[in-house]
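Student: Hi! I have a new model open on my screen. Could you walk me through it?

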Amino acid sequence: MELVRISEPPSPDKCLIRMRAADNVAVARVRLSPGQLARLPGVELTVQEPIAAGHKLALCKVPAGELVYRYGEPIGRATQDILPGRHVHLHNVAYEELGTDYRFPETGVGPVTPKADVPCFLGYPREDGRAGTRNYIAVVAASNCAAHVVQLIANSYQGEELPPGVDGVAAFPHGDGCSQSTGADTEQLQRTIRGVLDHPNVGAAIILGLGCEGNQVEYYLAGAGPRLRGMTIQDCGGTTATVEAGRREIGLMIDRLAAEPRVQVPVTRLVLGLECGGSDAFSGITSNPALGLCCDHLVAAGGTVILGETPEVFGAEHLLVRRARNRQVAERFLAFVEEYKNYLRSYGGSFNDNPSPGNKEGGLTNILEKSLGAVTKAGSSTLIDAVAYAERVRERGLVFMNTPGYDPASLTGIAAGGANIMAFTTGRGSVTGFPTVPVIKITSNSSTYARMRDNMDVNAGLIADGTASLEEVGLEIFKLLVRVASGERTCAERHGHAEFVPWRIGPLL
């Protein structure tokens, strides 16, 4: 990747970013005008038409039918002759599912061995060996019929001063829990809710149902300890009585949580969930690879990283296969990709339905280009395991989780799997958070950072500006990760963003 320090207006040597020497396109670092001269090592061309910042232009003639390369990988096929200096995007690049020759690992890799001397954060050790970065009381709806009352209970604490050590009372309303088909859909919802209730950032919880829904409260109480209570609105006597009963239970929980101070915990107990949303062409150049370096730091220290968003690894899955711990993990990962492909086909869709209008406006042409940039946020560590949506992550190191690309649903599954902190990269700008897990926002470009300053925690756009290196921003993210794990509030937390959207995969009855 070629990045240089720039000053406006850019000189011909300072206006393009090429990721690999084999690429026949480059990304415009700033808006380019017709007649403008642009250079890269071995390439000199004249811009032929207006090129928006983040959009691609051809570095050489790309004949119709030939492959277009970015990141050293094919991202589509030219539908017409594309001359040097011309805009390369939806109008002249066709999407197709290109065949992939997977290179499976020949030898297995053992589990990650943490370093002897690793950084620590101030966290909440739990009985099962995990650790919380927050200490919340969660009020979780068993079904949509209890969603409003759950919100009323949590809202009743707004403005109340809680004792140190209690981060808040967090509501988990949702639209499911009844009239669902028995089987995979119900099991996935139950796995998600159980992961929310039994989460390291949750010191105590209430599971609240109406009483007659399909997703019964009793399912969650079997074998539950003193940190979980169950109630139904029908047994309590209606909305007002349920709010009062919920507050009585929470009063007891607050006293217990207030007696649990933060203590020094090694970062080996950090489980970092990864997400990208509102991506643009700079995401794969700045924010994602910088986050990837942070992930490599964490994995080397014995921590865990969860990469999700199955639709946004398609086209780059061969890169993860090469890094798999063994063939068994690689095949389990690929099975999730194939399963998701069949899921989309059953509705007449494809992975290329994923890029949003904002992604395309930001310069991303199709899912292949988007995925090649997206997977860089997971760094270069060995892929240790692959798990289902909301499944408890038990291995240390880099783990893949089968989630949608849709941000709130993906975050929900990753959090339910045990992530106690999240890092979310964005190019266009995203404000999504989660009720009990801090979400760090990392923007790919300085324009979005300036425009949405109160929602962004890190400006990785400095890399494209030439004023910071990937290594510097990656280390900045890692240091912020430790501070946030110790209690520093993120922008999403300060604004109260608390999106919770379980992934619904089945029919309504």
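Tutor: Happy to: what follows is a chat about the cores, sheets, cavities and pockets of this predicted model.

Student: Great, let's start inside. Which residues touch the most other members in the largest nonpolar core?

Tutor: Those are Phe333 and Leu481, in a core of 79 residues. Helix α14, residues 470-485, supplies the largest share of this core, with 9 residues.

Student: What does Leu481 touch, leaving out residues up to four places away in sequence?

Tutor: With those left out, Leu481 touches Leu270, Leu272, Cys294, Leu298, Ile421 and Ile440. There is also a second, separate core of 32 residues, and Tyr220, Ile306, Ala415 and Met422 are included in it.

Student: Okay, sheets next. In what order do the strands of the 7-strand sheet run?

Tutor: The order is β19-β20-β18-β17-β21-β22-β23. This sheet is open, and its pairing is parallel.

Student: Which strands stand at the edges there, and what does that leave them without?

Tutor: β19 (383-387) and β23 (458-459) are the edge strands. Each has a single partner strand, so one side of each has no neighbour in the sheet.

Student: How many bridges join β19 and β20?

Tutor: They pair over 4 bridges, in the parallel sense, with β20 covering residues 397-401. If you want a spot to click on, Leu383 stands opposite Leu398 in β20.

Student: And the sheet with 3 strands: is its pairing parallel or antiparallel?

Tutor: Antiparallel, in an open sheet with the order β6-β7-β9. Its edge strands, β6 (67-70) and β9 (93-94), each pair on one side only. Between β6 and β7, which spans residues 73-78, there are 4 bridges in the antiparallel sense. Val68 stands opposite Gly76 in β7.

Student: Nice. Switching to empty space: how many cavities of 30 Å³ or more turn up?

Tutor: A search of the whole structure finds 3 of them. The largest cavity has a volume of about 60 Å³.

Student: What lines that largest cavity?

Tutor: The lining has 14 residues, and Asp280, Ser283, Lys370, Gly373 and Ala374 lie nearest the centre of the cavity. Helix α10, residues 367-374, gives the largest share of the lining, 4 residues. By class, the lining divides into 5 nonpolar, 5 polar and 4 charged residues.

Student: And how much space lies in the largest pocket?

Tutor: About 550 Å³. The largest pocket is lined by 28 residues, and the closest to its centre are Tyr136, Val169, Ala170, Pro435 and Gly496.

Student: Which elements give two or more residues to that lining?

Tutor: They are α1 (147-155), β13 (168-172) and α15 (491-495). β13 gives the most, with 4 residues.

Student: What's the split by class in the lining of the largest pocket?

Tutor: That lining has 15 nonpolar, 8 polar and 5 charged residues.

Student: One last thing, about Arg322. Where is its place?

Tutor: Arg322 is in helix α7, which covers residues 317-322.

Student: Why does Arg322 count as partly exposed?

Tutor: Its relative accessible area is 36%, and partly exposed is the range between under 20% for buried and over 50% for exposed.

Student: How far is the C-alpha atom of Arg322 from that of Glu369?

Tutor: The two C-alpha atoms are separated by 19 Å, and the residues are 47 apart along the chain.

Student: Thanks, that gives me plenty to look at!

Definitions and conventions: Residues numbered from 1 in each chain as written. Predicted model: local features only at pLDDT ≥ 70, side-chain atom pairs only at ≥ 80, totals over all residues. Heavy atoms only, no water. Core = buried A, V, L, I, M, F, W, Y, C linked by side-chain atoms within 4.5 Å. Buried < 20%, exposed > 50% of the residue type's maximum accessible area, 1.4 Å probe, protein only. Contact = heavy atoms within 4.5 Å. 1 Å grid on protein atoms, 1.4 Å probe; cavity = no way out; pocket = protein on both sides within 12 Å on 5 of 7 lines; lining within 4 Å. Points joined across faces, edges and corners; volume = space filled by probe spheres on them. Nonpolar A, V, L, I, M, F, W, Y, C, P; charged D, E, K, R; others polar. Pairing = 2+ DSSP bridges.
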